[in-house]
Amino acid sequence: MALVKQFQVTFDCAEPERVARFWCEVLGYVAPPPPEGFATWDDFDRSLPPDERGSWFACSDPTGVGPRLYFQRVPEGKVAKNRLHLDVRVATGLVGEERLATLEAECARLVALGAVRVRLLPADDDNESCLVMQDVEGNEFCLD
C-alpha cells in the first residue's frame, strides 16, 4: 500500500485567480510561472476556448513545505458553512493579550486584502482565542 507523500487543497469558487491571489497574500504563496510557450498567464488564458478561460488557478508554498492550493471554477455559489476550513497559524505559542494583539494585527492586514472578520472565539479552559474569518468569496477560515 502506497503512502501519501503530498496533497493539495482544492477550493471550489467563482473567480479562481482572484481567490488564489488572495491566498497567496495570506500565506506568502506564489503562483507558478505560466506554461511553457506563454509569456504570461493572460496569454495562456487567451489560448483556451472561451468556456475554459479563467476556470482554474493554483499557487504553492515557495519553500515546498505547505500543500499546493488549487482553485477551480464551479457554477454554483457557496450556500452553507464549509465542512473543511484552513487554520492560519499566526499566533502559535502566544497566550492572553499578546495572542489577541497578534490575531488582531493579522486580521487588519487580511481585511485590507478583502477578508471579512466574522467573530472572535474567546479563550476557554481548553483552547486559546481565535478569529473566524471569510476569504474574498465567503469561505470560512480561522486565524489561530
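Lys78 sits in the loop that links strand 3 (68-73) to strand 4 (86-88), strands being DSSP runs of E with at least two residues, numbered from the N terminus. The model is a predicted one, in which local features need pLDDT of at least 70 and side-chain atom pairs count only at pLDDT 80 or more, while totals for chains, interfaces and linings use all residues. Residues are numbered from 1 along each chain as its sequence is written, and side-chain values use heavy atoms, with hydrogens and water left out.

With a relative accessible area of 39%, Lys78 is partly exposed (between 20% and 50%; 1.4 Å probe, protein chains only). Beyond its neighbours within four places in sequence, Lys78 is in contact (heavy atoms within 4.5 Å) with Glu137, Gly138, Asn139 and Glu140. Gly138 is 60 residues away along the chain, yet the two C-alpha atoms are separated by 7.6 Å. The side chains of Lys78 and Glu140 share a polar contact of 3.3 Å (N or O atoms within 3.5 Å, one able to donate a hydrogen and the other to accept it; residues adjacent in sequence count only if both atoms are side-chain atoms). The Lys78 side chain also reaches the backbone oxygen of Ala80, at 2.6 Å.

Lys78 also helps to line the largest pocket, where Phe11, Asp12, Lys78, Asn82 and Asn139 lie nearest the centre among 24 lining residues. A pocket here is an open set of points on a 1 Å grid where a 1.4 Å probe fits, with protein on both sides within 12 Å along at least five of seven lines; lining residues have an atom within 4 Å of a point. Strand 1 gives the most to this lining, with 5 residues.

How values were computed. Helix = DSSP H or I, 4+ residues; strand = E, 2+ residues; numbered from the N terminus.
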